[in-house]
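Trainee: Got a minute? I'd like to walk through this one with you.
Mentor: Sure, pull it up.

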Amino acid sequence: MSVLHAIGRRGAALFAFAQRLLRRGGAALVGARRSRAALLESEKRLQAVFDQAAVGVALVDMRTGCFERVNQKYCDILGYTRDELQGRSVRDISEASDYQLNLDLRDELQRGRRASFQMEKRQLRKDGSMVWVDLTVAPVLQEGGVPRYNVGVIQDITERRRMQDTLRRSEEQLRSILDHLPVGILLSGPDGQAIFHNRHFVDITGYTWRDLVGAGAWWTRAFPDPDVRAQALSRWHAACSQAHAGQIARAEYDVCRADGGICSVALSGIALGHNEILIFEDLSRYKAAEEQINYLAYYDPLTGLANWRLLRDRLDTALSRSVLRKQCGAVLMLDLDRFKLLNEVRGHDCGDQLLRQVAQRLRGQVRTEDVLARHGGDAFVLVLDADRPTPTQAAAHAGELGERVLAALRAPFLLDGESYRTTASIGAAVFQGRAESPDELLRQVDVALYQAKASGRDVLCFYDARAQALVSERAALESDLRVALEQGQLEPYYQAQVCDGRIIGAEILVRWHHPRQGLVPPAAFIPLAEETGLIQPLGEAMLRAACQQLAAWATDPRLAGLTLSVNISPLQFYQDDFVARVLDALADTGADPSLLELELTEGLLLQDVEDTIAKMVRLKARGLRFSLDDFGTGYSSLAYLKRLPLDQLKIDQSFVRDVLRDPNDAAIVRTLVALGSTFGLRVIAEGVETEAQKAFLLAQGCRHWQGYLFSRPVPLGRFTALVRANPASGQGV
Ligand code: C2E
Ligand code: CA
Ligand code: CA
């Protein structure tokens with residue numbers, strides 16, 4: 001940069017003038033040829049011009065760095081008098097951080113590497129304040145000698161700097177605002193070359209400044225395929241021409257990102273003279289959200305299977321296809337047995353794990369053209385595409401598949417690292433054309449499913465009209481049972497438990513006096529009560545009845561020692577407050593806990609062994625006894641059995657029934673009795689109907705039994721009459 005350029009025309013003239021003045025001054029100092037008077041006159045004139053100059057001018061001694069002469073303006077800028085300034089060094093009035101550069105440049109000047117230099121620096125005023133100056137320095141050329149002085153010209157640029165700072169700050173602010181906008185912004189020139197972009201533009205497209213600058217029109221990178229590009233540009237021009245004056249053109253594009261990927265953007269543009277401001281909105285996030293919403297609307301997030309909405313949709317399609325092709329298909333509905341119990345006992349997380357694994361196994365069984373859906377809770381639905389010519393063939397197909405599914409689910413599952421077995425029930429219905437609506441079809445499989453559950457689980461049942469009646473019956477039964485609980489239609493019956501011919505106690509078995517149907521056996525409503533949760537109030541009622549009875553008997557010496565066994569259903573046992581409920585019943589009635597026995601089933605005990613043991617231990621501490629009901633029928637795990645604080649094993653009646661005819665059953669009974677004595681537990685047999693059965697049991701060492709041979713379950717009055725008629729009864733063993 002030339003000195004002239006640096007200080008402007010007026011400054012340059014002054015600069016030359018100052019040089020002249022100083023040369024003369026310098027000459028005056030070393031002595032002159034002209035007459036002294038003339039010189040003084042000339043000197044004065046020059047001094048006057050020098051002092052009136054609008055810029056600060058100073059003569060600085062190169063060796064000392066001290067001011068030799070300064071003009072008035074220089075003094076004004078720095079707030080010193082001429083005398084104060086002359087003799088002071090440049091360093092004294094320089095702001096420390098700028099001084100080094102000043103020094104370096106002066107060095108270069110001295111070495112003749114440059115003819116002059118110019119810089120902006122801060123100088124310290126006498127009052128301590130700071131002033132920004134534009135400084136231009138050049139050596140004063142001596143005729144025939146090495147320069148001794150530099151001439152420095154300063155201009156006060158404090159105001160300009162302040163404005164520049166303000167400008168820079170607001171520019172930074174603007175930049176930061178643009179960078180923080182949630183849209184990408186690109187300022188492009190007339191030929192599409194990038195002039196500016198914000199940070200979000202890079203986030204969206206991946207193109208940085210380096211990718212775009214000097215790379216021609218930005219759209220050549222965004223649309224590398226010439227055909228796609230031509231199309232995009234023509235759409236853009238169309239959008240621009242459609243946007244009325246003052247409006248913004250907008251269109252959506254798939255843009256090629258720097259990494260080669262594709263991003264969907266909405267592009268809006270505003271013309272700015274010959275340039276264009278383009279706003280890029282990232283649509284991929286919306287698209288992802290859209291997909292997510294669609295996914296949630298049509299899929300089950302837990303298993304990834306279709307949900308009921310998609311199922312109905314697909315079922316509709318399948319029915320239409322069935323009409324078109326004149327072919328038959330089928331729908332299967334599957335429900336996991338005892339899922340509610342698993343959820344309740346092992347927690348929902350375990351339940352979720354099971355559902356996911358079941359979904360996985362089901363997937364392994366179906367074809368891609370079939371639809372697999374989760375129908376809420378633990379129900380799954382399978383729609384087999386209509387591709388069989390007759391309903392019989394469709395039914396056969398459904399039957400085969402159903403059996404395969406049941407078999408696949410029998411293998412143990414792994415929940416939280418523990419093995420878990422389950423079974424399922426399946427209902428199925430065949431469809432042919434549009435005879436049924438999707439709703440009607442789903443209702444039919446639902447009915448078939450109820451039938452499957454009623455016929456003992458782990459089976460598949462097809463829809464038939466009789467099953468429909470069964471379902472209605474069940475629904476009626478459920479509402480009747482609620483009423484029965486409220487109105488006290490449930491009565492405890494007592495079945496004697498015998499040892500060596502004496503009645504030692506009884507098992508309480510519920511009976512339902514139905515207002516229209518008469519006496520309903522437990523087998524007809526206990527499973528329903530378990531499914532609906534009604535078993536909890538029902539079980540509680542029986543437990544309280546038992547406690548009341550024990551308390552009542554306590555006052556009668558003939559009955560005082562009798563024990564009572566109460567059946568406890570899993571759902572009841574796994575209530576968090578089960579222990580408290582039992583203790584409350586005892587406390588409220590004043591019954592002797594040691595005469596109360598709780599009958600638990602094996603399946604229940606093994607659901608959550610730690611929790612089971614904890615509850616049993618707390619109750620045993622109060623004196624209660626525990627009996628293991630239906631022993632031998634479940635998946636026995638002797639290792640666990642050993643840990644459970646049981647008092648008694650109850651051999652299931654199914655073994656007792658055939659004990660004399662079936663050598664297997666005889667062997668089982670023998671083993672169970674031996675097992676009981678190994679564990680130090682009392683063994684009782686149930687379902688003893690004949691003397692021969694009794695004799696066999698006795699021969700094995702089983703003295704306790706219960707069965708029709710002695711008495712059926714009977715109402716309270718008849719039971720106490722039995723005890724009174726039996727001389728040695730009620731004394732306990
Ligand atoms: P369970 O606990 O195994 O009860 C024994 C069942 O065998 C009773 O049937 C009883 O009447 C029957 N039984 C007794 N001796 C003989 C015999 O010599 N031959 C034959 N064939 N059967 C005999 P019940 O009373 O119909 O009860 C059936 C099931 O209902 C019970 O089986 C039990 O699981 C459940 N249950 C009954 N009452 C209650 C209750 O109050 N609470 C709970 N949770 N379940 C109950
Ligand atoms: Ca029982
Ligand atoms: Ca039993």
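Trainee: Let's start inside. What volume does the largest cavity have?
Mentor: About 140 Å³ for the largest cavity. Keep in mind that this is a predicted model.

Trainee: Which residues are closest to its centre?
Mentor: Val-60, Val-90, Asn-102, Leu-135 and Val-137. They belong to a lining of 15 residues.

Trainee: What kinds of residues make up that lining?
Mentor: The split is 9 nonpolar, 4 polar and 2 charged.

Trainee: And which helix and strands each supply at least two of the lining residues?
Mentor: Helix H5 (96-110) does. So do strand E3 (117-124), strand E4 (130-140) and strand E5 (149-156).

Trainee: How many cavities of 30 Å³ or more are there?
Mentor: The structure has 4.

Trainee: OK, metals now. Which protein donors hold the calcium ion (ligand 2)?
Mentor: Glu-507 through OE, Asn-567 through OD1, Glu-599 through OE and Asp-629 through OD. They lie 2.1 to 2.4 Å from the ion.

Trainee: What spacing do those donors follow along the chain?
Mentor: For the calcium ion (ligand 2), read E-x59-N-x31-E-x29-D. Take Asn-567 and Asp-629: they are 62 residues apart and link distant parts of the chain. Asn-567 is in strand E21 (residues 563-567), and Asp-629 is in strand E23 (residues 625-631).

Trainee: What about the calcium ion (ligand 3), which residues coordinate that?
Mentor: Asp-629 and Asp-630 each give an OD, and Glu-686 is listed twice through OE. The range is 2.1 to 2.8 Å. Along the chain, the spacing for this ion is D-D-x55-E.

Trainee: How far apart are the two calcium ions, ligand 2 and ligand 3?
Mentor: They are 4.0 Å apart. Asp-629 bridges them.

Trainee: Is Asp-629 buried or exposed?
Mentor: Buried, because its relative accessibility is 7%, and the cut-off for buried is under 20%.

Trainee: Then why does Asp-630 count as partly exposed?
Mentor: Because Asp-630 has 25% relative accessibility. Partly exposed sits between that buried cut-off and the exposed one, over 50%.

Trainee: Back to the calcium ion (ligand 2). How does its donor Asn-567 count?
Mentor: Asn-567 counts as partly exposed, because its relative accessibility is 28%.

Methods. Residues are numbered from 1 along each chain as its sequence is written. Chains are lettered from A and ligands numbered from 1 in the order in which they are written. This is a predicted model: local features need pLDDT of at least 70, side-chain atom pairs count only at pLDDT 80 or more; totals for chains, interfaces and linings use all residues. Side-chain values use heavy atoms; hydrogens and water are left out. Donors are N, O and S atoms within 2.8 Å of the metal (3.2 Å for Na, K and Ca); water is not among the atoms, so sites may look incomplete. Buried means under 20% relative accessible area, exposed over 50%, partly exposed in between (1.4 Å probe, protein chains only). On a 1 Å grid over the protein atoms alone, a cavity is a set of points where a 1.4 Å probe fits but cannot get out, and a pocket is an open set with protein on both sides within 12 Å along at least five of seven lines; lining residues have an atom within 4 Å of a point. Grid points are joined across faces, edges and corners, and a volume is the space filled by probe spheres set on the points. Helices (H or I, at least four residues) and strands (E, at least two) are DSSP runs, numbered from the N terminus. Ala, Val, Leu, Ile, Met, Phe, Trp, Tyr, Cys and Pro count as nonpolar, Asp, Glu, Lys and Arg as charged, and the others, Gly among them, as polar.
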